Amino acid sequence: MTPDQLSAKIEGTIRRVSKSFGNQITATQEGLFEKIQILLTKLDLNPDGTIKQSQANRALLAKANVSFEKAFQESGYYQYLNTLPDEIRIITEANTAYFAFVKDQITVDAQYIKNLQTQTVGQLESLLANEGLESQVKKPILDIMSQNINTGASYSDLVKQLRGFVVGDEKYAGKLQSYAGQIVSDTLFNYSRAIQEAISTKVGLQFVVYSGGIMDDSREFCVERAGNYYHKDEVSAWANLDWQGKRRGTTESTIFIYAGGYRCLHQIIYVSELVVPDEVVRRAKTKGIYT
């Protein structure tokens, strides 16, 4: 397996997951707004269409929690999240197969890889199902409802505001779509890069290729590096640069995980010196970072 083949395999897998997750999110958002609309029809209104500032209306807020959970359960959102560990295993197997091709008789720290898998699954659960879902979607919905009830706002304005937040409009995506879509892509790409780091440390490879295709919205940082070979110390030095989209917390170590930053689809793949262009090896020797 070549670096380009590995890159295509990883990117193809994550793009497939992102697309199917996007479809799931669309269904979940629509189901959630439908449940909220049903709940809103129970609000007591004044003759002019404004919401009565009453205890009965405030009591409906407690029922919003039930509507929320039903929407996520019935849409299959939680069931979909349960499929992500299988995708993580596919990414793991692809990287392991690549290193077996690059280096004979490699030793992979199976326990470390297993721990990394568990950590990644836990991270996704936290961001997409537990604390993240609570803070990014559920609480804001309750806040919108509470504010409109407390101020006796227009019922139609409340529905419009919630529709925009939950399912989006012609300008903006729904909150779950904009929040969760990036998380899945970034987390899976970061995981694949972390696997590269873990195995390459054992193998002792020192050169990498910045792999991945170029799209219309690719950052200049990635455009300049795509397809090029570097010594790993050269990559570490990139952390001291500034560029649009650079992820907070990018250091000389985490640059290998974060690469070009948020929503970056490129991969830093370790390679044998045998495939590295001579000028890259000479450059590394001139800099004193390779002997």
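This passage goes through a helix pair, some salt bridges and a few single residues in a predicted model.

A few ground rules come with the model. Since it is predicted, local features need pLDDT of at least 70 and side-chain atom pairs count only at pLDDT 80 or more, while totals for chains, interfaces and linings use all residues. Residues are numbered from 1 along each chain as its sequence is written, and side-chain values use heavy atoms, with hydrogens and water left out.

To begin with the helix pair, two packed helices are described by the angle between their axes and the distance between the axes. Here helix α1 (residues 3-40) packs with helix α2 (residues 55-74) at an angle of about 150°, and their axes lie 9 Å apart. Axes are lines fitted to C-alpha atoms, for helices over the stretch in contact, with angles running from 0 to 180 degrees between N-to-C directions. Helices (H or I, at least four residues) and strands (E, at least two) are DSSP runs, numbered from the N terminus. The two helices, α1 and α2, are therefore roughly antiparallel to each other; angles under 35 degrees count as roughly parallel, over 145 as roughly antiparallel, 65 to 115 as roughly perpendicular and the rest as oblique. Their crossing is right-handed (the near helix is turned clockwise from the far one by less than a right angle; anticlockwise would make it left-handed).

On the α1 side, the residues that meet α2 are Thr-28, Gly-31, Leu-32, Lys-35 and Leu-39. Their partners in α2 are Leu-60, Lys-63, Ala-64, Ser-67, Phe-68, Lys-70, Ala-71, Phe-72 and Glu-74. Contact means heavy atoms within 4.5 Å. Sorted by class, the α1 contact with α2 has 7 nonpolar, 3 polar and 4 charged residues. For that tally, Ala, Val, Leu, Ile, Met, Phe, Trp, Tyr, Cys and Pro count as nonpolar, Asp, Glu, Lys and Arg as charged, and the others, Gly among them, as polar.

Next come the salt bridges, where a side-chain nitrogen of Lys or Arg sits within 4 Å of a carboxyl oxygen of Asp or Glu. By this rule the count is 10 salt bridges. One of them joins the side chains of Glu-134 and Lys-138, at 3.8 Å from N to O. Both residues lie in helix α6 (residues 131-151), 4 residues apart, or about one turn of the helix. Glu-134 is partly exposed at 39% relative accessibility, whereas Lys-138 is buried at 14%. Those labels follow simple cut-offs: buried means under 20% relative accessible area, exposed over 50%, and partly exposed in between (1.4 Å probe, protein chains only).

The side chains of Glu-234 and Arg-283 also meet in a salt bridge, this time at 2.7 Å from N to O. Glu-234 belongs to helix α10 (residues 232-237) and Arg-283 to helix α12 (residues 278-286), so the pair ties together parts that are 49 residues apart in sequence. Of the two partners, Glu-234 is buried, with a relative accessible area of 8%, and Arg-283 is partly exposed, at 30%. Lys-287 comes in as well, since a network of salt bridges links Glu-234, Arg-283 and Lys-287. Asp-242 and Lys-246 give another salt bridge, at 3.9 Å from N to O; Asp-242 is exposed at 73% relative accessible area, and Lys-246 is partly exposed at 22%.

Turning to single residues, Val-184 is found in helix α8 (residues 175-203) and is buried, with a relative accessible area of 2%. Leaving out residues up to four places away in sequence, Val-184 touches Val-17, Phe-21 and Leu-128. Ile-269, in strand β3, is buried at 0% relative accessibility. With the same sequence neighbours left out (up to four places away), Ile-269 touches Pro-3, Leu-6, Ser-7, Tyr-98, Gln-196, Phe-207, Val-208, Val-209 and Ser-211.

Finally, the backbone has a couple of quirks in the loop between α11 (255-258) and β3 (267-271), where Ala-259 lies. Phi of Ala-259 is near 50°, a positive value in a residue other than glycine, and Ala-259 is buried, with a relative accessible area of 0%. Arg-263 sits in the loop between α11 and β3 too, and has a positive phi of about 60° although it is not a glycine. Arg-263 is partly exposed, with a relative accessible area of 44%.
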